[in-house]
Amino acid sequence: MAALSRKWDPLFVLVLGSLVFSCKGDVLKTSNDRTESISATKIEESSPQAADLGDLRQSDEAESNEDRKAFTPPPPNDQFQEEMVIRPLYSGDIYASFQFRTQWDTDFLHDGKKVSHYRLFPKSLGQVLSKFSVRELHISFTQGYWRTMQWGQPFIPSPPGAELWVWFHHTVTDVDGNWKELTNVLSGIFCASLNFIDSTNTVEPSASFKPLGLGNATDHRFLRYATLPREIVCTENLTPWKKLLPCGSKAGLAVLMKSEKLFHSSFHSQAVHIRPVCKDWQCTSTAWELRQTLNVVFDLYTSGQGKKEWSLFKMFSRTLTEACPLASSSKIYVDVTDNPGGELFDLSPSSPLISTAVVLGDRRTYSVYDLTKKETFGQLRSLNLLLRWKGESDDMLRPPLHAERYVSGFGLQKGEIHTCLYNSHPYRAYPVLLLDSLPWYLRLYVHTLTVTSKTRENKPSYIHYQPSKDRLRPHLLEMLVQLPPHSVTEVTVQFERALLKWTEYTPDPNHGFYIGSSVISALVPSIVAMDTNSTRDRPLFSSFFPTKEESSYFMRVYTEPLLVNLPTPDFSMPYNVICLTCTVVAVGYGSFYNLLTRTFQVDEPSAPLAKRLANIIRRLRGVPLL
Amino acid sequence: MVLLFVCFCLFVCFSLLVLLELSLMLALLTKATQFFSSGHTNNWAVLVCTSRFWFNYRHVANVLSVYRSVKRLGIPDSHIVLMLADDMACNHRNPKPATVFSHKNMELNVYGDDVEVDYRGYEVTVENFLRVLTGRLPPSTPRSKRLLSDDRSNILIYLTGHGGNGFLKFQDSEEISNVELADAFEQMWQKRRYNELLFIIDTCQGASMYERFYSPNIMALASSQVGEDSLSHQPDLAIGVHLMDRYTFYLLEFLEDIHPASQANMNDLFKVCPKSQCVSTPGHRTDLFLRDPGSVLITDFFGSVRKVEITREAINLTNPTELSLRNELKSEALFYVDQLPVADIIHQKPKQKDWHPPDGFILGLWSLILLVFFKTYGIKHLKHIF
């Protein structure tokens with residue numbers, strides 16, 4: 001139909017153009033016959049993603065480079081690094097930690113110039129930072145609980161559920177208003193129910209959660225902390241998180257993130273941390289750092305089928321083929337400290353690069369795979385790390401700090417919360433800061449608060465308690481406790497459960513109500529000297545918490561969330577009461593009314609059939625009836 | 001003779017060709033006129049699952065299968081408001097996490113890898129649903145949670161859950177009645193928030209929900225009539241629950257055959273799941289709809305329209321301004337804050353609490369005390385006090 005096509009090309013184009021495109025962007029090309037009349041080129045149709053999810057438009061830059069040869073783009077002032085750490089755990093599980101870091105030399109909080117050109121930094125987060133004058137933002141979504149006694153310490157700790165803490169800039173006048181709007185905007189970005197964060201679960205810690213970024217002013221009026229222990233994490237949270245990465249999930253380490261494998265694990269945590277950092281080694285100006293971290297622990301039995309053999313394909317059902325082209329460095333670190341001569345497990349393909357790093361107070365050795373080099377991928381052009389165990393490992397060193405929390409008592413009226421802090425260091429004592437935020441419907445009896453170590457009372461050197469206000473504010477309890485060496489410190493407080501209004505119960509109240517984890521911040525003595533030089537080039541996983549002194553390092557431990565049953569009314573009760581009352585009223589009052597107002601008449605019994613027929617005939621005849 | 005015959009054949013072929021061309025032109029013209037007469041410029045979808053708890057897995061699978069079809073046919077996530085009352089994919093009872101299956105033997109994972117749920121868990125309430133429909137949301141609601149439709153939007157609304165005669169149960173704790181729903185649609189019509197609306201409901205006695213509609217341009221489908229129950233399809237023994245409802249199962253099968261350029265119309269949709277397959281009798285209502293259902297394409301509601309306008313004008317782009325370098329203020333070196341400054345914490349001064357004016361209760365109490373005092377002792381003591 002060549003003759004036909006020439007005539008109806010514009011129509012074809014219009015009809016074609018009206019056809020549906022998938023939500024990834026597609027490119028529409030006009031037919032070749034009409035290239036001379038319809039002006040040049042591709043009609044590029046961008047996918048109408050939500051305006052708050054920015055995406056990288058590489059083709060735009062390429063086009064602009066072609067068109068304007070005279071204009072040379074300025075040198076990029078942002079860089080992107082990605083890395084993954086694989087650490088085999090003593091219980092047979094394996095711990096994989098991804099970190100993606102974008103560092104951008106710009107100023108969001110500068111009043112004069114609005115930042116409008118985004119390259120590697122996601123636009124949705126940049127707009128959030130500038131609109132709400134945020135100095136630091138930390139948000140994490142976690143499924144599962146980190147078992148410190150079996151797995152050791154995580155690189156980036158996080159509590160079960162969702163946790164959000166934000167430092168606002170000191171120029172903000174209405175911190176609470178900004179906080180409320182920020183939570184709503186973030187709930188749209190991450191597809192989570194962060195809009196449930198309101199004044200009943202937000203606290204203002206007075207000593208914990210100091211800023212992790214640069215700065216000198218630490219007025220705690222600009223800090224807000226909230227946690228949602230009930231929040232579920234699933235693919236709908238992972239999808240927008242992956243979209244924030246410069247390469248998305250199409251290249252680099254992020255191709256490993258398949259939700260079916262990631263959520264079939266014992267522990268899954270994804271987080272976004274934004275803070276100002278030193279731009280260079282002189283540290284006279286700041287740059288913004290965005291870290292996206294994903295920690296996952298695969299279980300030996302559910303993911304590993306009971307065999308102590310792990311590979312990238314077994315963990316993620318994918319292998320790596322290339323590094324993200326936008327990354328300046330893309331590395332995989334495998335922890336081989338317990339495998340000095342190769343007698344514990346076999347690592348293949350073996351890598352010539354070995355590096356050591358001081359992380360979590362210990363010097364660990366890592367086998368490094370550099371994905372920016374082609375040789376790493378070998379002949380098959382794909383990298384699949386394989387760890388095969390040969391021998392049995394020794395017992396794990398006890399982590400220096402460990403915490404547990406539970407509710408004791410019986411019945412639905414009273415209870416007692418116990419928090420146990422274990423210091424397993426043989427001779428060093430160190431201070432810990434315990435932050436507890438309890439909802440208002442657990443009425444605490446603070447006079448019953450006791451802190452005991454080794455069966456003797458241990459008086460905290462600092463206590464900050466803010467009582468709750470019903471339906472307005474939760475309890476806030478912060479204590480600085482010195483933990484004696486090799487001891488258990490127990491903090492107990494009694495409480496009473498309140499009866500909520502019937503509209504305040506969730507649709508499934510018999511499940512219970514979740515209490516957020518306690519946060520324990522501690523300066524733990526380290527085994528080897530920590531590196532205090534913060535500007536040296538270090539792997540990402542060892543540079544998250546800034547270190548100020550050599551002999552100890554900072555860490556945070558989260559306890560379990562509690563599940564507390566509140567006295568729950570029977571919600572079918574109003575219906576039952578109405579039925580019962582109406583029945584009683586109808587039967588009782590009705591009978592009474594009838595007795596009073598009913599008149600009785602004597603009624604002739606109805607005559608048998610013969611008599612009735614006879615009566616009919618008599619009526620016809622006009623004769624008096626029988 | 002042979003020449004004549006050959007000429008005659010050629011003439012017949014030529015006329016056939018002309019006829020074919022004419023018919024093709026006509027078909028294209030009708031398609032073109034249809035395209036320009038459908039009247040809508042964008043498509044939205046509001047997909048709601050109202051049931052909680054693991055044994056209501058099939059309602060989540062219902063909604064996700066419609067979500068999947070609608071996304072496949074082109075409606076982007078920014079134009080879909082997806083409300084799931086409970087999480088089945090990452091539920092701890094799910095033997096295959098991050099998946100929701102619609103066919104037994106785990107053939108089709110409708111949850112996928114690219115899902116964006118806008119309202120989840122406790123957020124799925126009658127109030128939020130009606131607010132989304134009518135647009136009366138608090139100002140801080142993000143865009144992904146809003147239905148930003150205009151008067152040229154075709155909206156698909158799909159509800160599933162447990163229902164009864166005249167109501168639909170939300171999360172085991174509240175109901176929405178058919179009157180409320182009809183009023184919400186009327187509000188939408190008054191505010192010109194839709195061009196045409198397709199309402200599909202898969203619950204027991206679903207037809208009762210569309211009985212009360214009175215706004216124009218609404219077409220409604222339900223999986224069962226009043227007095228009938230909608231039944232579920234097949235259970236999967238590995239997962240342990242019923243995976244889909246019958247009506248939506250056959251609807252999904254029907255939609256899997258639809259592609260973006262498909263010409264299937266609403267009459268085909270009405271035939272989905274006859275009584276032999278569904279056990280209940282699906283119903284539909286078209287009296288409020290202005291166009292003939294036979295001329296309404298499935299893709300008018302399930303797909304997405306993008307009108308592309310080609311322009312021949314040249315567009316002048318301004319030269320980018322040279323980015324001025326930031327003033328390198330020579331400031332002192334910045335440092336990281338000490339994470340646990342023990343000495344500072346111990347000697348921390350108590351926070352300056354903001355002064356609030358006294359509470360009403362306190363004011364009332366003091367005024368009562370003063371009143372009693374002056375009542376007893378008389379006003380002449382006033383000058384001794386002040």
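Me: Before we look at this predicted model, what does buried mean here?
Reply: A residue is called buried when its relative accessible area is under 20%. Take Cys278(B), which has a relative accessible area of 1%. That puts Cys278(B) under the cut-off, so the word for Cys278(B) is buried.

Me: Which cysteine does Cys278(B) form a disulfide with?
Reply: To count as a disulfide, two cysteine sulfur atoms must lie within 2.5 Å of each other. The sulfur of Cys278(B) has a partner sulfur 1.8 Å away. That partner is buried too, at 2% relative accessibility. The cysteine you want is Cys273(B).

Me: Is the disulfide of Cys278(A) and Cys283(A) left-handed or right-handed?
Reply: Their sulfur atoms sit 1.8 Å apart. The torsion about the S-S bond is about -55°, so this disulfide is left-handed.

Me: Which residue of chain B does Cys234(A) form a disulfide with?
Reply: This pair crosses between chains, starting from Cys234(A) in the loop between β8 and α7 of chain A. On the other side, the link ends in the loop between β2 and β3 of chain B. The sulfur atoms are 2.1 Å apart, and the partner is Cys90(B).

Me: How far is the sulfur of Cys191(A) from the closest cysteine sulfur?
Reply: Cys191(A) is buried, at 4% relative accessibility. Its closest cysteine sulfur belongs to Cys234(A), but that is too far for a bond. The distance is 12 Å.

Me: Are helices α2(B) and α5(B) roughly parallel or roughly antiparallel?
Reply: They pack with their axes 10 Å apart, at an angle of about 15°. Angles under 35 degrees count as roughly parallel. So α2(B) and α5(B) are roughly parallel.

Terms used: Residues numbered from 1 in each chain as written. Chains lettered and ligands numbered in written order. Predicted model: local features only at pLDDT ≥ 70, side-chain atom pairs only at ≥ 80, totals over all residues. Heavy atoms only, no water. Axes fitted to C-alpha atoms, helices over the stretch in contact; angles between N-to-C directions. Helix = DSSP H or I, 4+ residues; strand = E, 2+ residues; numbered from the N terminus. Parallel < 35°, antiparallel > 145°, perpendicular 65-115°, else oblique. Buried < 20%, exposed > 50% of the residue type's maximum accessible area, 1.4 Å probe, protein only.
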